[in-house]
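Take a look at the fold below. The aim is to read it from the outline inward.

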Amino acid sequence: MGLELSYSFYPCYKARINSESTMNTEQTSLFDLAPQRLQWLANRQKVVSENIANADVSGARAKDVESFASYLSRIRAGAALPEADVKEADVSWGEDMSGNNIILEEQMIEANSTASQFKIAANLYRKAHEMLYTVAGRR
């Protein structure tokens, strides 16, 4: 028996999810998903940091990374934790006269959101490890 966390450990949740929505319930290991999420968030933080650094550069365009779902589908195609693809961001706040569409306030919100998501994913990953140590009797 592997040390895989999935919905199969919680059959009541799996049954409820299947009856209420069309959520994908295929076996997904938390220990496979967490590093992928952390890598994607690290890539996103890097892109947001570059946007902030270029906020006052003439003609700079805001960038963002591909969606996490798109990133996961690329990984499942065979690659091992690649860099997330960078694309031009959809900016709704317009641009200045020089063509720069990076809004510093918007990027600060994105940076804060990414940092919060990273903290949640890292804590979840740490708690799963602690749970396994507890089950194994090492704590």
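The text below goes from the whole chain to one helix, then to the cores and a single residue.

This is a predicted model. The protein chain holds four helices and two strands. Read from the N terminus, the order is α-α-β-α-β-α. Of its 139 residues, 28% count as buried. Contacts often span long stretches of sequence: among those between residues at least 6 apart, 64% join residues at least 24 apart. The accessible surface comes to about 9,200 Å². Carbon and sulfur atoms account for 56% of that surface.

Start with helix α2. It covers residues 30-53, 24 residues in total. From first C-alpha to last, α2 reaches 34 Å, close to the 34 Å expected at 1.5 Å a residue. S29 caps the N-terminal end of α2. There, a side-chain oxygen of S29 lies 3.1 Å from the backbone nitrogen of F31.

Which residues of α2 are buried? They are L30, F31, A34, Q36, L38, W40, L41, N43, R44, V47, V48 and N51. An α-helix has 3.6 residues a turn, so residues three or four places apart point the same way. With that in mind, follow W40, N43, R44, V47, V48 and N51 along the helix, all among the buried residues of α2. What covers the buried residues of α2? The cover includes the strands β1 (63-65) and β2 (86-88), along with the helices α3 (68-76) and α4 (104-136).

Now the cores. The largest nonpolar core has nine residues: W40, L41, V47, V65, F68, Y71, L72, I75 and A84. Two elements, α2 and α3, give two or more residues to this core. Helix α3 gives the most, with four. V65 is a member of this core too. Leaving aside residues up to four places away in sequence, V65 touches W40, N43, R44 and V47. V65 also touches A84, D85, V86 and K87. A second, separate core has five residues, including A55, A60, A62 and I102.

Finish with T114, which sits in helix α4. Is T114 buried or exposed? T114 is buried because its relative accessible area is 1%, and buried means under 20%. Which residues does T114 touch, not counting those up to four places away in sequence? The answer is L41, R44 and Q45. L41 and R44 are themselves among the buried residues of α2. L41 also belongs to the largest nonpolar core. R44 is one of the residues that V65 touches.

Technical notes:
Residues numbered from 1 in each chain as written. Predicted model: local features only at pLDDT ≥ 70, side-chain atom pairs only at ≥ 80, totals over all residues. Heavy atoms only, no water. Expected span 1.5 Å × (residues − 1). Buried < 20%, exposed > 50% of the residue type's maximum accessible area, 1.4 Å probe, protein only. Contact = heavy atoms within 4.5 Å. Polar contact = N/O pair within 3.5 Å; in protein donor to acceptor, adjacent residues only side chain to side chain. Core = buried A, V, L, I, M, F, W, Y, C linked by side-chain atoms within 4.5 Å. Areas by Shrake-Rupley, 256 points an atom, 1.4 Å probe, with all protein chains shown as cover.
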